[in-house]
Amino acid sequence: MPQAVIVSAVRTPIGTAFKGTLRDTPAEQLAEIVVREAVARSGFAPESVDDVLLAESMYGGGDLARYAAVAAGLTHVPGVALNRHCAGSLAAVSMAAGSVRAGMDEVLVAGGAMSTSLSPQLTWRVPGTQETRTSAMPPTFPHYEGADDDVTISTGWNTAVEAGLTRAEVDAWALRSHERAIAAIDAGVFEGEIVPVPVAGPDGPTDFTVDEHPKRGTNAEKLASLKPLHPEIADFSVTAGNAAGVNDAAAALVVASDRIAHEQGAEALATVEAWASVGVAPHRTGMAATEVIPVVLKRAGLEITDIDLWEINEAFASVPLAACRAHGIDEDRVNIFGSGCSLGHPVAATGARMLTTLVHELRRRGGGTAVAAMCAGGGQGSAVVIRVD
């Protein structure tokens, strides 16, 4: 059975939605940029690419992957758009790896693109009336008490309650996330993985190259002063400070068989060892990241102590903190360069962004094993294990 290897991994800088640098850059353009660059860095000829798998979320139609393939000069490549909400681009990489392992495809581009700033607004008629409803997303799960479209409750708050986390604990995690992200940016850690995005500036065209969402000068006092998003709920711990940002970005990886990589002289940066997804009750969405970790480790034949680095997405600070407490994960190995609370959460691209960062950091360290894990809307969780020799 062929092994699935990652031969390139890139992402755009992450913009803050609606008011940030990428607010006028559509997802299609972000997707084209990362697909084109991922193929260029892979060393494979464009005609070697078999398919493009890109995640999208809240777009309600179209085929982002096919668009990006054609725009990037891969007209012969079909392209499939995936939606597993937050875990969509992890699913894209998993499906690419599965196709390689099955011997069906040999070179694929997998990732995701998200322009929250320019997501279409959906409109439909309210059943039984002539009224229309707008700015709504088709449901992923049947709603019931505690599980609704307000993710601050169904994901952030419910996770904190189930895991027994206090406001001070989730604020402390968020603060560390910002501190780590700022330190990484200042040290140039992300420069090797970021592809510049051309944007219009006040003095003419310029390149956007640095993540803009992390906040310098954030401290414990500022975080503690933020009002809970639901002050009517006693001890509600979720604030804008310990929740993920709303963002724009794209990321893509080229996944190939080890055979073709060897034959064509492409460097295998990492091996995709295992992947898994789980479902939990929608009101426990944030715990899905905790639930999927033992599943993916069992498939990889690994233990918690075998993992050198973790990316557990900070949809809310409570999510990775709950996973660490449940499994005894060393918090110093988790989100070492920040995550959703600081870098931001461009929903359809976040999973691929996490893997991209892990690939580059493991290479800097000379090897190791890492896990990317996250929860996703409607009570889903996904994880991928990679290894760098």
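Cavities, a pocket and Arg387

The structure holds 2 cavities of 30 Å³ or more. The model is a predicted one, and the values given here are computed from it.

The largest cavity contains about 40 Å³ of space. Its lining consists of Leu309, Trp310, Glu311, Asn335, Ile336, Phe337, Thr357, Leu358 and Glu361. Two elements, strand E12 (309–312) and helix H10 (350–365), each give two or more residues to this lining. By class, the lining of the largest cavity divides into 5 nonpolar, 2 polar and 2 charged residues.

The second largest cavity also has a volume of about 40 Å³. Around it are Gly156, Ala160, Val170, Ser237, Val238, Asn242, Phe316, Ala317 and Ser318. Here the lining is made up of 5 nonpolar and 4 polar residues, with no charged ones. The charged class is thus where the reader can set the two linings side by side: 2 charged residues line the largest cavity, and none line the second largest.

Next come the open spaces. The second largest pocket holds about 330 Å³ of space. Its lining has 18 residues, and those nearest the centre of the pocket are His178, His213, Lys215, Ala240 and Gly241. Sorted by class, the lining of this pocket comprises 9 nonpolar, 6 polar and 3 charged residues.

The last stop is a single residue, Arg387, which is found in strand E14 (residues 380–388). Is Arg387 buried, partly exposed or exposed? Arg387 counts as partly exposed because its relative accessibility is 26%, and that class lies between buried, under 20%, and exposed, over 50%.

Which residues does Arg387 touch, leaving aside those up to four places away in sequence? The contacts are Ala270, Thr271, Glu273, Gly368 and Thr369. Of these, Glu273 can be followed further. Glu273 and Arg387 are 114 residues apart in sequence, and their C-alpha atoms are 6.6 Å apart in space. The side chains of Arg387 and Glu273 are joined by a polar contact of 2.3 Å. On the model, the reader can begin at Arg387 in strand E14, then go to Glu273 through this side-chain contact, and then look at the other residues that Arg387 touches, among them Ala270 and Gly368.

Key: Residues numbered from 1 in each chain as written. Predicted model: local features only at pLDDT ≥ 70, side-chain atom pairs only at ≥ 80, totals over all residues. Heavy atoms only, no water. 1 Å grid on protein atoms, 1.4 Å probe; cavity = no way out; pocket = protein on both sides within 12 Å on 5 of 7 lines; lining within 4 Å. Points joined across faces, edges and corners; volume = space filled by probe spheres on them. Nonpolar A, V, L, I, M, F, W, Y, C, P; charged D, E, K, R; others polar. Helix = DSSP H or I, 4+ residues; strand = E, 2+ residues; numbered from the N terminus. Buried < 20%, exposed > 50% of the residue type's maximum accessible area, 1.4 Å probe, protein only. Contact = heavy atoms within 4.5 Å. Polar contact = N/O pair within 3.5 Å; in protein donor to acceptor, adjacent residues only side chain to side chain.
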